[in-house]
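Student: I'm new to this one, and I'd like a close look at a single part rather than a quick tour. Could you take the aromatic residues and walk me through how they sit in the chain?

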Amino acid sequence: LVYGADLGGQGYGRLRPDAGLPVDGWPIFLPMLAEKADLFLALGDMIYSDRPIDRTAPDREYPKGNSFQIPKPGPGFVTGVEDFRRDWHYHRSDHRFDAFLRATPMIATWDDHEIVNDSGGPELVQGPNEAEASHDARLRQGDPSRPRGEFMPWSTTKDPRGRRQSVFFNPDLFRAGRQVMFEYNPIRAVADPSGTFDRRLYRSVRWGAHAEIIMLDTRSYRDPRYRVDSDRSPKTMLGEVQKRWLLERLEKSDATWKIVVSSVPLSIEGGNEKDPQGHGYRDAWASVTADNPYGYGRELKQIVSHILTKQIRNVVFLTGDKHYSNVFSYDPDADGAVDFHEINVGPLRSGRGSGKLPYDPSLNPTRLYTDAGAAAFVYGWVRIDPASGRFEAELRDVDGATRPGSRLVLDPR
């Protein structure tokens, strides 16, 4: 199988076929098509509804002021169903992507940019309580038309002229984004047992005798990023019903490998905004630093404790979101034996991250690979030997070449 995330962000768009370049469209789907994969796992951020794409390709390899890209219609933000459809149509109209999807079955989840940056369902639909709003007045902001691409860095705390306003509260935007996510992705209609929605996005799919793919929904049920995670009131990213489902699938699966797809990474810092005291509102699982009250670390530790207590072997997490690639092993009980792995895949075609983000030491991670400082457009590749059950994984670039050092080979335990 192949997998990937982060397509069309930070101004990176489809390349014109008449631009005189050796590649066109979304170039990475050409080598992905050549893989003749059984499955494609879309890990989220497969559109950027809150980012414009103009004619200029921002690739550092291309001259400034070029006109190499097909611009995305619209103003670079969305306000409703038709706008979301417009953005999905731009991405899917590409001939490279179209040929790939015609040949390769897809299992998709979403991340924040299928809606709006760093967002989730309860945050957008319910908004802040009075105490939270009094602590940070921005938490009632809901206008999606704030300018993009006019300045850096992205954080509003570093934008004293107020040109950017993050969206924290906009129920209609969430509902529209979720509706169109289901319209453009093959997601089997299964009732949501929590009763929150008519149907759920999370699901598991068996891939032969050796693998079960457990596809999480990290956006629909998550507590707001600005809510404090404490022993008295632990936060949830998955919601109680999905969390119980995940623990059950991990425990009861008879597949050799349990491949868990989380759109956000386990240990790497995530989130663009900060509270008035300068603490980052965490968008990914980890709080990263001991003094940060946000994040979803308590719930993640419950999941990890379940893996350890039930002695669940051969768990691999596939994650995205950070725009550079990493491979981690984890030994949370510090007994010298690796308990599970994480492969954090870089962008298919979006801004390439610097790799300067810290990662949380709580689960005792060892970073086996990173392309920090030299991030590339990549996709993930996994093969499981049908006879031995050996798990092989690599990160591959736009030429289909393996990124040196990214290969991970695991024998089942």
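Tutor: Let's settle one term before we start: helices (H or I, at least four residues) and strands (E, at least two) are DSSP runs, numbered from the N terminus. Counted that way, the protein chain has eight helices and 16 strands. Keep in mind that this is a predicted model.

A bit of background helps before we zoom in. The radius of gyration of the protein chain is 20 Å, close to the 22 Å that the globule rule gives for 413 residues, so the chain is as compact as a globular protein of that length. Laid along its principal axes, the C-alpha trace covers about 55 × 55 × 40 Å. Of the 413 residues, 60% are buried. And if you take the contacts with a separation of 6 or more, 70% of them involve residues 24 or more positions apart. Hold on to that last point, since the aromatic pairs give us two examples to look at.

Now for your part. Two rings pair if their centres lie within 6.5 Å, and by this rule the count comes to 21 aromatic pairs. Start with F40 and F100. Their ring centres are 5.2 Å apart and their planes meet at 75°; planes over 60 degrees apart count as edge-to-face, so that is what this pair is. Where do F40 and F100 come from in the chain? F40 belongs to strand 3 (residues 40–42) and F100 to helix 3 (residues 95–103), so to speak a link between distant parts of the chain, 60 residues apart. Both F40 and F100 are buried.

Next, find W110 and F174. This aromatic pair is tilted, with 5.9 Å from centre to centre and 50° between the planes. W110 is in the loop between strand 5 (106–108) and helix 4 (121–126), while F174 is in helix 6 (residues 171–184), so the pair ties together parts that are 64 residues apart in sequence. Once again we're looking at buried residues, W110 and F174 both. There's company here as well: W110 and F174 form one aromatic cluster with F197, Y202, Y221 and W245.

While you're by helix 6, look at what flanks it. N170 is found in the loop between helix 5 and helix 6, and it is buried, at 15% relative accessible area. Leaving out residues up to four places away in sequence, N170 touches L124, G142 and P144. On the other side, R188 is in the loop between helix 6 and strand 6 (203–207). Is R188 buried or exposed? R188 is exposed, with a relative accessible area of 70%. From R188 to W88 you'd count 100 residues in sequence, and their C-alpha atoms are 19 Å apart in space.

For a contrast in distance, try A131 in helix 5 (residues 130–135). A131 is exposed, at 55% relative accessible area. A131 and Y184 are 53 residues apart in sequence, with 38 Å between their C-alpha atoms.

It's also worth visiting a spot outside the aromatic set. A5 is in strand 1 (residues 2–7), and it is buried, with just 1% relative accessible area. Setting aside residues up to four places away in sequence, A5 touches L43, G44, M46, G320, V345, G346, P347 and L348. A5 and K72, on the other hand, are 67 residues apart in sequence and 19 Å apart from C-alpha to C-alpha.

Last, two backbone details. Most residues other than glycine have a negative phi. H323, though, has a positive phi, near 70°. H323 is in the loop between strand 9 (315–319) and strand 10 (326–330), and at 11% relative accessibility it counts as buried. A334 also has a positive phi, about 55°, although it is not a glycine. You'll find A334 in the loop between strand 10 and strand 11 (340–344), where it is exposed, with a relative accessible area of 57%.

If you go back to the structure, begin with the F40 and F100 pair, which is edge-to-face, and then move on to W110 and F174, which are tilted.

Conventions
Residues are numbered from 1 along each chain as its sequence is written. This is a predicted model: local features need pLDDT of at least 70, side-chain atom pairs count only at pLDDT 80 or more; totals for chains, interfaces and linings use all residues. Side-chain values use heavy atoms; hydrogens and water are left out. The radius of gyration is taken over C-alpha atoms; the globule rule is 2.2 Å times the number of residues to the power 0.38. Buried means under 20% relative accessible area, exposed over 50%, partly exposed in between (1.4 Å probe, protein chains only). Contact means heavy atoms within 4.5 Å. Rings of Phe, Tyr and Trp (its six-membered ring) pair if their centres lie within 6.5 Å; planes under 30 degrees apart count as stacked, over 60 as edge-to-face and the rest as tilted.
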